[in-house]
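Here are my notes on the structure you sent round, set out point by point so that each can be checked against the coordinates on your screen.

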Amino acid sequence: MKQTLTILTIGFLILFQHCQLTKPKYHLTLQEAESRYETIENIKYNLDIQLTTKESFKGKVDIHFVGKRIRDLRLDYFQGEIKSIVMNDEVLSGFEYKNGHIQLPSDKLMIGNNKVSVLFETPYAKTGNGLHKFIDPDDKETYLYSQFEAFHANKMFPCFDQPDLKATFQLQVRAPKNWKVISTTLASLQSKTENPEEILHQFPESKKISTYVFSLHAGPYQVWEDKFESIPLRLFVRKSLAKYVDPKDWFTFTKEGFVFFNAYFGIPYPFEKYDQIIVPEFNFGAMENVAAVTFSERFVSRSPMTRSQRENLSDVVLHEMAHMWFGNLVTMKWWNGLWLNESFATYMASLAQSKNSEFQETWISFFEKMKQWAYEEDSFSTNHPVEAKVNDTEEAFTQFDGITYGKGASVLKQLVFFIGEDSFQKGVQNYLRKYSYSNSTLADFLKELEFVSGFSMKKWSKDWLETKGTNQIELTTICADNHLYGKIIQSAPGPENKFRDHKTNLGIYFFDKTNLSLRFEEFPVVYSGRSSEAIIPLTTCPDFAFINSDDHDFAIWKWTNTNLENLEYVLEHDKVPMRKLILWTDYFRQVTLANLTFDDFKNSAVRLYKTETDTKIKRWILSRLTSDTGASYFTSRFWFPETKRNEGIDSLQSFLLEELSKVKPGSDEQRYLVLSLIDSTFTDPSQKRLYDVLENKLSFPGFKVDQDLRWNMITKLSSLEKDRNKIQTIIDREKKLDPSSRGVNASLAAEAAEPNAKVKEKWIQVLLNPKASEYSTSTLRVVSYSLFPEYQKDIQLQFLDLYFNALDQFQHTDDENYLDAFAKSMAPDFCTDETLLILKKFTGNHPKLPAPVKKTLFKQIDLEGKCIQMKQKHKQIMGM
């Protein structure tokens, strides 16, 4: 034992010396962050920014801080120009600036008060990270917005860019006189400068916040104003999109959130105003910048919004608002705690909707989106514990996934089911009060919950948050002597998985086939370990039973001898959408697990769609039948020989047309059916039909083909059309009709979709060099996702070597959003053993790929394996 310890000690010393001697790279490591946290505190930023319409902006930052230790100090700043650095009144010369940071020498640092002043010039970003610049093609106006999470504040100005070095920010901005300037606080003064074309905006000092939630946005934005109690509310969007925005919805959803969260958290909104800025080319859905939340323009529809779109907007507004308390007021110490920010905001948004909005179906949407995202992400070999180990800021990006958002939120929902809503709320209130304006850890959060509830959180955390994997459960029931004997067998597939304690509901149905109806009852069940049993007294035996009937649990139900006829009876006659969608999802999962075929599912789906009344379930069914990406009945047809493939697709189109002839004009369902018709277009008759819809030769009563839908149809037809003159004439016409940024991107996507290897070659060369391109990375992502639809695999195969060579050339400092999109959109997904082998070989030979690329490739390996299994299940009906 002593010898082992000696060897380990020597090894540690060698490793420590290596770390000390190795120069830091761009991405900040956990060890560097911990060291810097031990070195400085009490940080204040005073920023002076000069904004123009040029390609870069100038600024000065004065950073005041207290030194606690004397050591070299890293100051983060990515690829800008340093004009000068003054540290404690001494000009620094010969300072080291490389790898995205400046090393401030220890001999210039003092114990106690320090001041560093940096004059800098930074190029505007076109990646959506840092300070992003966008020129509106409609009116040539310039718009700016910032995006700093997780490690991008340093792409705007020099700073100590980590979440636990909270600071105050005082800002002054010189900007063109017709621009609005928006930041964390409300401007206290606007005044003229020596330049008659600009205005000076001065902002008071902010409260203590992390760098990643500070912000700056500017441009000639359209603004609407409102108020909640004493809190000013403002909504911004670029002028050319303003006519499509309904401020009433935005302000209604915002006020509903304030009413709920102020009461729930027991702490009034902690900041002075609440701005929401809708910005172009945004990488995410939204971002919770303190008091200045940014939203993607994807939430602006150029046609009337469906109820689902409005529900989604309400959800995102509430998600970002929840962050003002959970994330901004109290912030995780390091990125391993990201889940607590995102999971909590995700859970709280649904809770707020269910308690104080019109969208009472919110938990159904939570199950449909977040829960399924979580199950899928946890099924990949890249899965990780909810509380994940994050070594550096490059890895932090890869944590923005279905586990951090969906699984974490699902686990919180399960926890609330265990300890009760009151205990959870009181624990949350205590936690927020105790750690306001500071940073916290998982242990801090759990301690407050345990104190209030008396529930042992240590084991729960180890099981649910610190161990990866999803439990699978089998349910066996026997009814005899007026008792239902239930047995739950739990398994823990995958490495590092384990048995967990669960609380769920067992749902049972009693059929009345004479009257074509049913009765439902449910019973709470706690299960743990490998096997658990329950005995339930009944007056009569049930006809159908299923586990997790109201979705409080997080586990996969493994079907064993499920009676499909009885399942279909439930799906047809139950009136509760949540239960039905759970069962529909379990049914479809059997297809993706290769236990059933897509043809089995399609037969049931088409028959039951006709009797279904819930629009949300109808939309779900349509997506599983007609989606032209991922696993669907439509995409599975390309496993079949041509004749059988076309028969299946034409049959699907006939079903859609039949439903369109019966649907209520102008309804949401009608729109979903038209979208499904577009997605599943492929055969010659379906292409001709789509041309007829596009050219107004075929119409559907009460349905208006809006501009975005026109582009949707054009891109689909372009991806199929061999006669380029025909489709190119339409593309050219539409570009003139729609010169907006959406129109520009859509026309490029339509071009990239063309089934022509030379066109693909042209665009791939552009995609390989995003920094040299005239396009933003947002536009390039749109193009990349249109390059290779399901039915162009023969063309994609020609570029496989080029794709892998490109991945080998990308750098760890390249924009992670772009790397992620490039790797995903062009990943080989041919559903063959050969592809699987190529992917495994490439990843095995390239262990040092950028983190987003590596994660995408490993997930693609898993997806190929699943696809091959599904395809094999269809082998008999494929005629092979």
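The points below move from the annotated spans to the sheets, then to one histidine and the nonpolar cores.

1. Please keep in mind throughout that this is a predicted model, and that the domain names used here come from an unreviewed UniProt entry, whose annotations may be inferred rather than shown by experiment.

2. Two annotated spans differ in their make-up. UniProt lists residues 44-213 as "domain: Aminopeptidase N-like N-terminal", and in the model this span is 0% helix and 51% strand, with its end C-alpha atoms 15 Å apart. The annotation "domain: Peptidase M1 membrane alanine aminopeptidase" covers residues 254-464, where the chain is 59% helix and 9% strand and the end C-alpha atoms are 32 Å apart.

3. An open sheet of eight strands has the order S5-S4-S8-S2-S1-S11-S14-S13, with mixed pairing. Strand S5 (90-91) and strand S13 (189-192) are the edge strands, and because each has a single partner strand, one side of each is left without a neighbour in the sheet. At the S5 edge, strand S4 (residues 81-87) is joined to S5 by two bridges in the antiparallel sense, and Val86 stands opposite Val91 there.

4. Within this sheet, strand S1 pairs with S2 and with S11, and the two pairings run in opposite senses. S1 and S2 are antiparallel and joined by nine bridges, forming a hairpin with five residues between the strands, whereas S1 and strand S11 (residues 167-176) run parallel and are joined by eight bridges. Leu47 takes part in both pairings, since its bridge partner in S2 is Val61, while in S11 it stands opposite Leu171. Helix H2 (residues 30-39) lies across strand S1 (40-50) and strand S2 (56-67), at about 100° to S1.

5. A four-stranded open sheet, also of mixed pairing, follows the order S27-S24-S23-S29. Its edges are strand S27 (531-537) and strand S29 (556-557), each with a single partner strand, so one side of each has no neighbour in the sheet. Strand S23 (residues 472-480) and S29 pair in the parallel sense over two bridges, with Gln472 opposite Ile556.

6. Is His217, found in strand S15 (residues 216-219), buried or exposed? His217 has a relative accessible area of 0%, and because buried means under 20%, it counts as buried. The side chains of His217 and Ser215 are joined by a polar contact of 3.3 Å. Setting aside neighbours within four places in sequence, the residues in contact with His217 include Leu144, Tyr145, Lys180, Ile277, Asn289 and Thr294.

7. The largest nonpolar core has 236 residues, of which Leu51, Phe157, Trp325 and Phe424 touch the most other members. Helix H5 (residues 338-356) supplies the largest share of this core, at ten residues. A second, separate core holds 33 residues, among them Phe788, Phe810, Phe822 and Ile868. In soluble globular proteins, nonpolar side chains tend to be buried together.

8. Leu51 deserves a look of its own. Again leaving aside neighbours within four places in sequence, Leu51 is in contact with residues including Phe57, Tyr124, Leu131, Val173, Trp179 and Ala218. Leu144 is among the contacts of Leu51, and Leu144 is also in contact with His217.

Methods:
Residues are numbered from 1 along each chain as its sequence is written. This is a predicted model: local features need pLDDT of at least 70, side-chain atom pairs count only at pLDDT 80 or more; totals for chains, interfaces and linings use all residues. Side-chain values use heavy atoms; hydrogens and water are left out. Two strands pair if DSSP finds at least two bridges between them. Contact means heavy atoms within 4.5 Å. Axes are lines fitted to C-alpha atoms, for helices over the stretch in contact, and angles run from 0 to 180 degrees between N-to-C directions. Buried means under 20% relative accessible area, exposed over 50%, partly exposed in between (1.4 Å probe, protein chains only). A polar contact is a pair of N or O atoms within 3.5 Å; within protein, one must be able to donate a hydrogen and the other to accept it, and residues adjacent in sequence count only if both atoms are side-chain atoms. A nonpolar core is a set of buried Ala, Val, Leu, Ile, Met, Phe, Trp, Tyr and Cys residues joined through side-chain atoms within 4.5 Å.
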